[in-house]
Amino acid sequence: MEDLLYLTHRIPYPPNKGDKVRSYHFLKHLSERYRVHLGTFVDDEDDWRHVDTVRALCHETRFVRLAPRAAKLKSLRGFLSGQPLTLPYYRDGGMKRWVDDILDRLPVRHILVFSSAMAQYAMQASGARRVADFVDVDSDKWNQYARTRSWPLSAVYRREGRLLLDFEREAARVFDATVFVSAAEAGWFRRLAPESASKIAHVNNGVDFEYFSPDRDYPDPYRQGEKVLVFTGAMDYWPNVDAAEWFAREIFPAIRARLPDTRFYIVGARPTPRVIQLAELPGVSVTGSVPDIRPYLAHAALAVAPLRLARGVQNKVLEAMAMGKTVVASPQAAEGIDAVDGREIRLAGGAAEWADAVCQTLTAFAPEMGAAGRARVVADYGWDSNLAKLDALV
C-alpha cells in the first residue's frame, strides 16, 4: 500500500453531522486502499472517546485539541496579518511540525485535505499529488452571513468572504484537483476561480440507504395523535438556528392555525439558547441530542428543511428521503440534490408559500412522493459509486 496524508479540520467520527459523515466515509474508503496518516482537530470534548475508533483506520495520527473560544481569539491575528480569520483559527504549530515530519520521513505521494482551512498545511508539498475537498464554497457562506447581520459583524463577514476566496483560489491553483460536494457547487467555484476551472470536480455525498431504511420497526418517540413536522441537524450551526427560528416563529403559527394537531420538533445536538427558547412557543419541541435520528424521521408526518442560508448538499434532506419521508425544503436546502419538485421533493420559498405547501402536503397525503424520493437516493446517492470518483482524483 502507498502512503496517503489526510488532513481534516474536525475528527471524522462519529458521522453525526454533515461534514463528519463525508470525512468519515472518505477515511473508511481510503483506509482500504492506502496507509492513511491522519492529522485532525478535536473541537468537541465528547469526541475524544472516539479517537481509538479513528486510529484503527489509520497508521500514524495526530489529534490536536481545538478549544473554540481560544481559537476565536487566535483567529483575530488575521486582522493584523491581512489573512482570513479562518486560517489562524485552524493554525497549530504542533500540527505543522507533524505534517512536515510525515512528509520528510515517509514516501507520501498522495495528500487529501478536507476543507479549505486545512490546505494551509500542504501549500508547499509539491512532491505529492494534492487534492483539496472544499466540500462547498466556504467563502460564499460568509457573504451570505454578511447579508443577514448588521454592522459591524456584516463588515467582518464581508472581509472574511473576500479574503477566504482569495485563499481558496490560490489553493486551487496550487493543488492538482479541487473537489466539491455537487456539480452545482463545483460550477459556482469555476465561475469564481476560472483560472483553475479544468482542475475543479465534484464527488456527491452518499447515504447509507440500508441504515436509513423505512423497512424497519422504530420506536415511536412522539405522543399519540401528534402530526409531526421534524427538522434535524446540529443545532449550534448558525444556518440551522436561523432555519429553526424562521420556521417556528414565521411559518409554523399559520400551519397550526389551520391544522391545530400539528407539532414542530427540532431534533439535534447542542441547541443554542435561542433554539431552546423556541420550545416556549405553542406546539414546538426541542429534543437536544438523541441516540438515533431514524425514529424521529420514521414517525414524522413530514420532514422540513427551511434553510435560508446554505451551500452544498444537505445530508438531512438526503437522509429523510432515504427514510421514504416526504420532504418539504427550501430551494437553498435542495440545491445540489437531483430531485424533481412535486414528484420526489416539495419546494417552498417564502413564509406563506411554506405554510401552504406543508398544509397541502399534510391534508393530501401522498406516500408515493416519499417512495420516489427514496428511489432517487438509492439510484444516485450510494457511497460506493460516488467514492469511485474520489479514487480517480486521488
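In this predicted model, Arg 55 is partly exposed, its relative accessible area being 41%, whereas Asp 52, at 57% relative accessibility, counts as exposed. The side chains of Arg 55 and Asp 52 are joined in a salt bridge, with a distance of 3.5 Å from N to O. Both residues belong to helix H2, which comprises residues 51-55, and they stand three residues apart, about one turn of the helix. A further salt bridge links the side chains of Arg 33 and Glu 32, here with an N to O distance of 3.2 Å. Of this pair, Arg 33 is classed as partly exposed at 36% relative accessibility, while Glu 32 is exposed, with a relative accessible area of 52%. The count of salt bridges in the model comes to 28.

A salt bridge is also found between Asp 338 and Arg 376, whose closest N and O atoms lie 3.6 Å apart. Because Asp 338 is placed in the loop between helix H14 (331-334) and strand S13 (346-347), and Arg 376 in helix H16 (residues 367-380), the pair ties together parts that are 38 residues apart in sequence. Asp 338 is partly exposed, with a relative accessible area of 46%. Through salt bridges that share partners, Asp 338, Glu 344, Arg 376 and Asp 380 are joined into one network.

Turning to the sheet, seven strands are arranged in the order S3-S2-S1-S4-S5-S6-S7, and they form an open sheet in which the pairing is parallel. Strand S3 (61-65) and strand S7 (200-202) are the edge strands, each of which pairs on one side only. From one strand to the next, the twist averages 20 degrees. Helix H6, made of residues 93-105, packs on this sheet and touches strand S1 (2-8), strand S2 (34-42), S3 and strand S4 (108-114), and the direction of H6 makes about 170 degrees with that of S2. Elsewhere in the sheet, strand S5 (residues 129-135) pairs with strand S6 (residues 177-180) in the parallel sense over four bridges, and Asp 133 has Val 179 in S6 as its bridge partner.

Strand S5 also contains Val 135, a residue other than glycine whose phi is nevertheless positive, near 70 degrees. With a relative accessible area of 14%, Val 135 is buried, because the limit for that class is under 20%. Arg 270 likewise is not a glycine and has a positive phi, of about 55 degrees. The position of Arg 270 is in the loop between strand S9 (262-267) and helix H11 (273-277), and at 34% relative accessibility this residue counts as partly exposed.

The backbone also includes cis peptide bonds. One of them joins Tyr 13 and Pro 14, with omega at about 0 degrees, and Pro 14 is situated in the loop between S1 and helix H1 (18-31). Another joins Trp 151 and Pro 152, with omega at about 10 degrees; Pro 152 is found in the loop between helix H7 (138-148) and helix H8 (153-174).

At the surface, Leu 73, Leu 76 and Phe 79 make up a nonpolar patch of about 300 Å². Among these residues, Phe 79 lies in helix H4, which spans residues 77-81, and is partly exposed, with a relative accessible area of 40%.

Key. Residues numbered from 1 in each chain as written. Predicted model: local features only at pLDDT ≥ 70, side-chain atom pairs only at ≥ 80, totals over all residues. Heavy atoms only, no water. Pairing = 2+ DSSP bridges. Helix = DSSP H or I, 4+ residues; strand = E, 2+ residues; numbered from the N terminus. Axes fitted to C-alpha atoms, helices over the stretch in contact; angles between N-to-C directions. Contact = heavy atoms within 4.5 Å. Patch = residues over 30% accessible without salt bridge, like charges linked within 9 Å, V, L, I, M, F, W, Y side chains within 5 Å. Areas by Shrake-Rupley, 256 points an atom, 1.4 Å probe, with all protein chains shown as cover. Salt bridge = Lys/Arg side-chain N within 4 Å of Asp/Glu carboxyl O. Buried < 20%, exposed > 50% of the residue type's maximum accessible area, 1.4 Å probe, protein only.
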